[in-house]
Amino acid sequence: MSGLFAFLLAFLLAAGGFAALALSMHRHHHDVFGRPPSAARTLSLRAAGWMLLALSLATCFAGPGWAVGTVLWLGLGTAAAATVALSLTWLPGVLRSRR
């Protein structure tokens, strides 16, 4: 796997994971979808979020190894979490209108 592709894949997996974890919260789910999540949806979103974060970590480990991969994953995770947080802060109306 090429370095740029692995980097982009790890970032997208981390962003998807943080988005799923954020949407499992009642407030963010209500902001985007207009209603709180059901118990089953909350559980599914949490499981998907953690699974995507684990896949992102595995993607980072696959290329440069565990030492550099850990640092890379922490940096990507920070950027992905900030992207999701800013999106949910400033774009909930846009996200709601596109459902």
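The following questions and answers deal with a predicted model of one protein chain.

Biologist: How many helices and how many strands does the protein chain have?

Modeller: From the N terminus on, the elements run α-α-α-α-α. Strands are absent from that order, and the count for the chain is 5 helices and 0 strands.

Biologist: What share of the residues of the protein chain counts as buried?

Modeller: A residue counts as buried when its relative accessible area is under 20%. The protein chain has 99 residues, and the C-alpha trace spans about 40 × 25 × 20 Å along its principal axes. The chain exposes about 6200 Å², of which carbon and sulfur atoms supply 74%. The buried share of the residues is 29%.

Biologist: Is S56 buried or exposed?

Modeller: S56 lies in helix 3, which covers residues 39-62. Leaving aside neighbours within four places in sequence, S56 is in contact with A10, L13, A14 and W73. The relative accessible area of S56 is 0%, and the cut-off for burial is under 20%, so S56 is buried.

Biologist: Which helix supplies the largest share of the largest nonpolar core?

Modeller: The largest nonpolar core has 7 residues: A20, A22, L23, V32, L45, V84 and L88. Helix 1 (3-23) and helix 4 (66-90) each supply at least two of these residues. The largest share is 3 residues, and it comes from helix 1.

Biologist: Which residues does A22 touch, not counting those up to four places away in sequence?

Modeller: A22 is itself one of the residues of the largest nonpolar core. V84 and L88 belong to that core too. With residues up to four places away left out, A22 touches H28, V84 and L88.

Biologist: Which residues of helix 4 meet helix 3?

Modeller: The axes of the two helices, helix 3 and helix 4, are 8 Å apart. On the side of helix 3, the residues taking part are L53, S56, L57, C60 and F61. S56 is thus listed here, and W73 is among the contacts of S56. The residues of helix 4 are W66, G69, T70, L72, W73 and L76.

Biologist: What word describes how helix 3 and helix 4 lie to each other?

Modeller: Helix 3 passes helix 4 in a right-handed crossing. The two helices pack at an angle of about 135°. Roughly antiparallel would need an angle over 145 degrees, and roughly perpendicular covers 65 to 115. The angle fits neither class, so helix 3 and helix 4 are oblique.

Notes
Residues numbered from 1 in each chain as written. Predicted model: local features only at pLDDT ≥ 70, side-chain atom pairs only at ≥ 80, totals over all residues. Heavy atoms only, no water. Helix = DSSP H or I, 4+ residues; strand = E, 2+ residues; numbered from the N terminus. Buried < 20%, exposed > 50% of the residue type's maximum accessible area, 1.4 Å probe, protein only. Areas by Shrake-Rupley, 256 points an atom, 1.4 Å probe, with all protein chains shown as cover. Contact = heavy atoms within 4.5 Å. Core = buried A, V, L, I, M, F, W, Y, C linked by side-chain atoms within 4.5 Å. Axes fitted to C-alpha atoms, helices over the stretch in contact; angles between N-to-C directions. Parallel < 35°, antiparallel > 145°, perpendicular 65-115°, else oblique. Left-handed = near helix turned anticlockwise from the far one by under 90°.
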